[in-house]
Amino acid sequence: MAANLRNNAFLSSLMLLILIGSSYAITSSEMSTICDKTLDRAFCLKFLNSKSASPNIQALAKTTLDATQARATQTFKRLQSIIDGGVDPRSKLAYRSCMDEYENTMENLEEAFEHLASGDGFGMNMKVSAALDGADTCLDDVKRLRSVDASVVNNSKGIKKLCGIALVISNMLPRRS
């Protein structure tokens with residue numbers, strides 16, 4: 001009987017810990033702290049509110065990188081489609097340059113995931129910064145064109161905003177020596 005009571009007490013304690021652990025999510029105060037440090041607070045809050053079930057800052061960093069990677073992949077595919085569809089030589093050159101930037105952006109984001117997984121916030125920060133530069137360079141390349149694909153521009157701007165969020169989050173992560 002004493003063993004049964006101990007087992008019940010152990011199971012009750014374990015259930016309580018699981019419930020407490022699973023109910024924790026990023027708080028609105030933490031979201032505000034993050035978004036106050038970005039260039040587009042409204043975008044940041046809208047994004048983070050849709051991801052508020054993230055159990056901790058590392059999970060939120062992964063979610064943010066996932067969204068950034070998905071948008072970068074989508075933009076890369078759109079650039080391929082534009083080039084394959086036939087555009088004038090000047091536009092083709094600009095869009096091909098963007099494709100190169102996005103190829104680098106996706107590689108940098110993959111490496112950012114690796115740094116996050118190894119607990120290296122500084123390394124993640126460096127790779128996210130490089131990914132942001134790729135989207136920014138693409139915007140510079142296409143803004144000189146007479147006719148610019150709106151999805152490339154909008155996605156590149158969105159990637160820059162998501163990278164901004166990821167950069168703030170990376171500064172909240174532990175630093176490896």
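At what angle do the axes of α6 and α7 cross, and how close do they come? The axes cross at roughly 160 degrees and come within 9 Å of each other. An angle over 145 degrees counts as roughly antiparallel, so α6 and α7 are roughly antiparallel to each other. The crossing of this pair is left-handed. Keep in mind as you look around that this is a predicted model.

Before going further into that pair, let's step back to the whole protein. It has seven helices and zero strands, so if you read along the sequence you meet the pattern α-α-α-α-α-α-α. The protein counts 177 residues, and 38% of them are buried. On the outside, about 10000 Å² is exposed, with carbon and sulfur atoms supplying 56% of that area. How does the chain connect to itself? Take the contacts between residues at least 6 apart in sequence: 73% of them join residues at least 24 apart.

Now back to α6 and α7. On the α6 side, the residues that meet α7 include G121, M124, N125, V128 and S129, and further along the helix A135, D136, C138, L139 and V142. On the α7 side, among those that meet α6 are V152, V153, S156, K157, I159 and K160, and then C163, G164, A166 and L167. Sorted by class, the residues of this contact come out as 14 nonpolar, seven polar and three charged.

One of the α6 residues just named deserves a stop of its own. V142 sits in helix α6. Is V142 buried or exposed? Its relative accessible area is 1%, and the cut-off for buried is under 20%, so V142 is buried. If you set aside neighbours within four places in sequence, V142 is in contact with Y95, C98, V148 and V153. Y95 is worth finding in the viewer: V142 and Y95 are 47 residues apart in sequence, yet their C-alpha atoms are 6.9 Å apart in space.

Next, follow α6 to its other partner, α5. Helix α5 covers residues 89-117 and helix α6 covers residues 121-142. The axes of these two come within 8 Å and cross at roughly 165 degrees, which makes α5 roughly antiparallel to α6. As α5 passes α6, the crossing is left-handed. The contact of α5 with α6 holds 14 nonpolar residues, seven polar ones and four charged ones.

A good landmark in α5 is M99, which is found in that helix. With a relative accessibility of 12%, M99 counts as buried. Which residues does M99 touch, leaving aside its neighbours within four places in sequence? They are F76, L79, Q80 and I83. M99 can also be placed relative to C138: the two are 39 residues apart along the sequence, and 8.1 Å apart from C-alpha to C-alpha.

Let's move on to two residues of α7. N155 lies in this helix, and because its relative accessible area is 12%, N155 is buried. Beyond its neighbours within four places in sequence, N155 is in contact with R71, Q74, T75 and Y102.

Further along, L162 is also part of helix α7, which runs over residues 150-172. L162 counts as buried, at 2% relative accessibility. Not counting residues up to four places away in sequence, L162 touches F43, F47, T64, A67, T68 and R71. The C-alpha atoms of L162 and C44 are separated by 7.7 Å, although the two residues are 118 apart along the chain.

C44 leads us to the last pair on this tour. Helix α2 (residues 28-35) and helix α3 (residues 41-50) pack at an angle of about 145 degrees, and their axes are 9 Å apart. Here the crossing, as α2 passes α3, is right-handed. From α2, the contact is made by M31, S32, I34 and C35, and from α3 by R41, C44, L45, L48 and N49. By class, that gives six nonpolar, two polar and one charged residues.

Conventions
Residues are numbered from 1 along each chain as its sequence is written. This is a predicted model: local features need pLDDT of at least 70, side-chain atom pairs count only at pLDDT 80 or more; totals for chains, interfaces and linings use all residues. Side-chain values use heavy atoms; hydrogens and water are left out. Axes are lines fitted to C-alpha atoms, for helices over the stretch in contact, and angles run from 0 to 180 degrees between N-to-C directions. Helices (H or I, at least four residues) and strands (E, at least two) are DSSP runs, numbered from the N terminus. Angles under 35 degrees count as roughly parallel, over 145 as roughly antiparallel, 65 to 115 as roughly perpendicular and the rest as oblique. A crossing is left-handed if the near helix is turned anticlockwise from the far one by less than a right angle, and right-handed if clockwise. Ala, Val, Leu, Ile, Met, Phe, Trp, Tyr, Cys and Pro count as nonpolar, Asp, Glu, Lys and Arg as charged, and the others, Gly among them, as polar. Buried means under 20% relative accessible area, exposed over 50%, partly exposed in between (1.4 Å probe, protein chains only). Contact means heavy atoms within 4.5 Å. Accessible areas come from the Shrake-Rupley method with a 1.4 Å probe; for residues, only the protein chains shown count as cover.
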